[in-house]
Amino acid sequence: MPAMNGSNRIQGKHCCLDSSEYQIDDSWRQELVTYFDNKLPLVIDLLKNNRCPECIYIFTRKDNCKPGKYDVDKMQFTPNPKNEYCVSRGNKGFLIHEAAHFVQNYGQIYFHERNHWAAEGIADYARIKLGWDNTDRPEYPCQQKHAYNGCSRCAADFLTWINQRFFNNDFIVKLNKALQDNQSIDSFIKDSLNTTIEDLYLEYLNKNA
């Protein structure tokens with residue numbers, strides 16, 4: 001059971017949740033901390049190469065913000081129902097996506113547009129594998145079918161196909177390590193398969209037409 005540290009804070013094994021800015025009840029806080037503590041080791045096992053800090057500090061926000069990692073060891077989310085990006089109580093799976101980002105901890109290479117989609121796709125790959133877990137709104141699979149760099153769910157499906165088609169299911173692990181080592185996905189694909197993301201995507205589209 002997570003330990004209570006004051007009226008708005010709960011300390012777990014791998015995270016600390018502080019709901020000072022926007023209050024949520026004790027049972028919800030305990031659910032989130034327990035869920036994160038249970039899922040983080042599974043994400044680490046899935047992605048193998050781990051850069052996650054010992055403890056992640058999770059904060060609620062009253063203003064409108066996307067749930068997300070914003071530092072090496074911090075993440076935010078808003079449970080305020082007035083906000084567009086509100087995380088509802090039925091949505092715990094967002095924590096898997098964010099846990100993956102802490103395991104990745106890529107640094108500046110994450111922000112380059114040619115790598116950003118892959119980093120987000122890996123995070124949703126982890127969520128698909130380990131539990132989408134949103135009982136309030138079905139978000140997966142994506143019904144709009146974006147391009148590989150158009151949404152993280154579609155990126156995850158594309159990466160899964162590459163994983164199965166060419167790499168005997170160790171592509172995600174190798175790609176995660178390459179990005180951690182500051183190698184771009186374009187360079188990694190060229191070195192590994194002597195092709196490009198665009199050519200792979202055309203094959204993917206043809207196979208799934």
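A pocket, as the word is used on this tour, is an open set of grid points with protein on both sides within 12 Å along at least five of seven lines, and its lining residues have an atom within 4 Å of a point. Keep that in mind as you open the structure, which is a predicted model.

**Stop 1: the largest pocket**

Begin with the largest pocket, whose volume is about 1100 Å³. Of the 36 residues that line this pocket, select Lys 66, Pro 67, His 97, Glu 98 and Glu 120, the closest to its centre. Next, colour by secondary structure element: β5, α2 (94-104), α3 (113-130) and α4 (152-166) each supply at least two residues of the lining. Which element gives the most to the lining? That is α2, with 5 residues.

**Stop 2: from the pocket into the sheet**

Since β5 is already on screen, follow the chain onward from there. Strand β5 covers residues 68-69, and a hairpin of 4 residues joins β5 to β6. The two strands run antiparallel and are joined by 2 bridges. To see one pairing directly, select Gly 68 together with Gln 76, its bridge partner in β6.

Now look at the partnership between β6 (residues 74-77) and β4 (residues 56-60): here the pairing is parallel, over 4 bridges. Thr 60 and Phe 77 of β6 are a good pair to display, as they stand opposite each other.

Then select β3 (residues 15-18), which pairs with β4 in the parallel sense, again through 4 bridges. Asp 18 has Phe 59 of β4 as its bridge partner. Is β4 enclosed or open to the outside? Of its 5 residues, 4 are buried, so β4 is largely enclosed by the rest of the structure.

**Stop 3: Ile 58 and the nonpolar core**

Stay with the sheet and select Ile 58. Leaving out residues up to four places away in sequence, Ile 58 touches Cys 15, Cys 16, Leu 17, Asp 18, Phe 36, Met 75, Phe 77 and Leu 95. The largest nonpolar core has 56 residues, and Ile 58 is among those with the most contacts inside it, along with Trp 117, Phe 158, Phe 171 and Leu 175. Show these five side chains as sticks before moving on.

**Stop 4: the cysteines**

Two of the contacts of Ile 58 are cysteines, Cys 15 and Cys 16. How many disulfides does the whole structure contain? A search finds 0. For Cys 15, the nearest cysteine sulfur is that of Cys 55, 6.5 Å away; for Cys 16, the nearest is also that of Cys 55, at 5.8 Å. A disulfide needs the two sulfur atoms within 2.5 Å, so neither distance qualifies. Cys 15 has a relative accessibility of 0% and therefore counts as buried. Cys 16 counts as buried too, because its value is 3%.

**Stop 5: helix α5**

Two of the core residues from Stop 3, Phe 171 and Leu 175, lead to the next selection. Helix α5 spans residues 171-180, and 7 of its 10 residues are buried, so this helix is largely enclosed by the rest of the structure. Select the buried ones: Phe 171, Ile 172, Leu 175, Asn 176, Ala 178, Leu 179 and Gln 180. An α-helix has 3.6 residues a turn, so residues three or four places apart point the same way. What do the buried residues of α5 pack against? Their neighbours are α1, α2, α3, α4 and α6. Just after the helix, click on Asn 182, which takes a positive phi of about 65°.

**Stop 6: Arg 127 in α3**

Go back to α3 and pick Arg 127. Is this arginine buried or exposed? Arg 127 counts as buried because its relative accessibility is 5%. Apart from its neighbours within four places in sequence, Arg 127 is in contact with Asn 91, Gly 93, Phe 94, Ile 96, Trp 132, Asp 133, Asn 134 and Glu 139.

**Stop 7: two partly exposed residues**

Finish with two other helices. Gln 30 is in helix α1 (residues 26-47), and its relative accessible area of 24% makes it partly exposed. Draw a distance from Gln 30 to Ala 123: the two are 93 residues apart along the chain, and their C-alpha atoms are separated by 23 Å.

Ser 187 lies in helix α6 (residues 185-193). With 27% relative accessibility, Ser 187 counts as partly exposed. A last distance to draw runs from Ser 187 to Ile 197, 10 residues apart in sequence and 9.9 Å apart in space, C-alpha to C-alpha.

Terms used:
Residues are numbered from 1 along each chain as its sequence is written. This is a predicted model: local features need pLDDT of at least 70, side-chain atom pairs count only at pLDDT 80 or more; totals for chains, interfaces and linings use all residues. Side-chain values use heavy atoms; hydrogens and water are left out. Buried means under 20% relative accessible area, exposed over 50%, partly exposed in between (1.4 Å probe, protein chains only). Two strands pair if DSSP finds at least two bridges between them. A nonpolar core is a set of buried Ala, Val, Leu, Ile, Met, Phe, Trp, Tyr and Cys residues joined through side-chain atoms within 4.5 Å. Contact means heavy atoms within 4.5 Å. On a 1 Å grid over the protein atoms alone, a cavity is a set of points where a 1.4 Å probe fits but cannot get out, and a pocket is an open set with protein on both sides within 12 Å along at least five of seven lines; lining residues have an atom within 4 Å of a point. Grid points are joined across faces, edges and corners, and a volume is the space filled by probe spheres set on the points.
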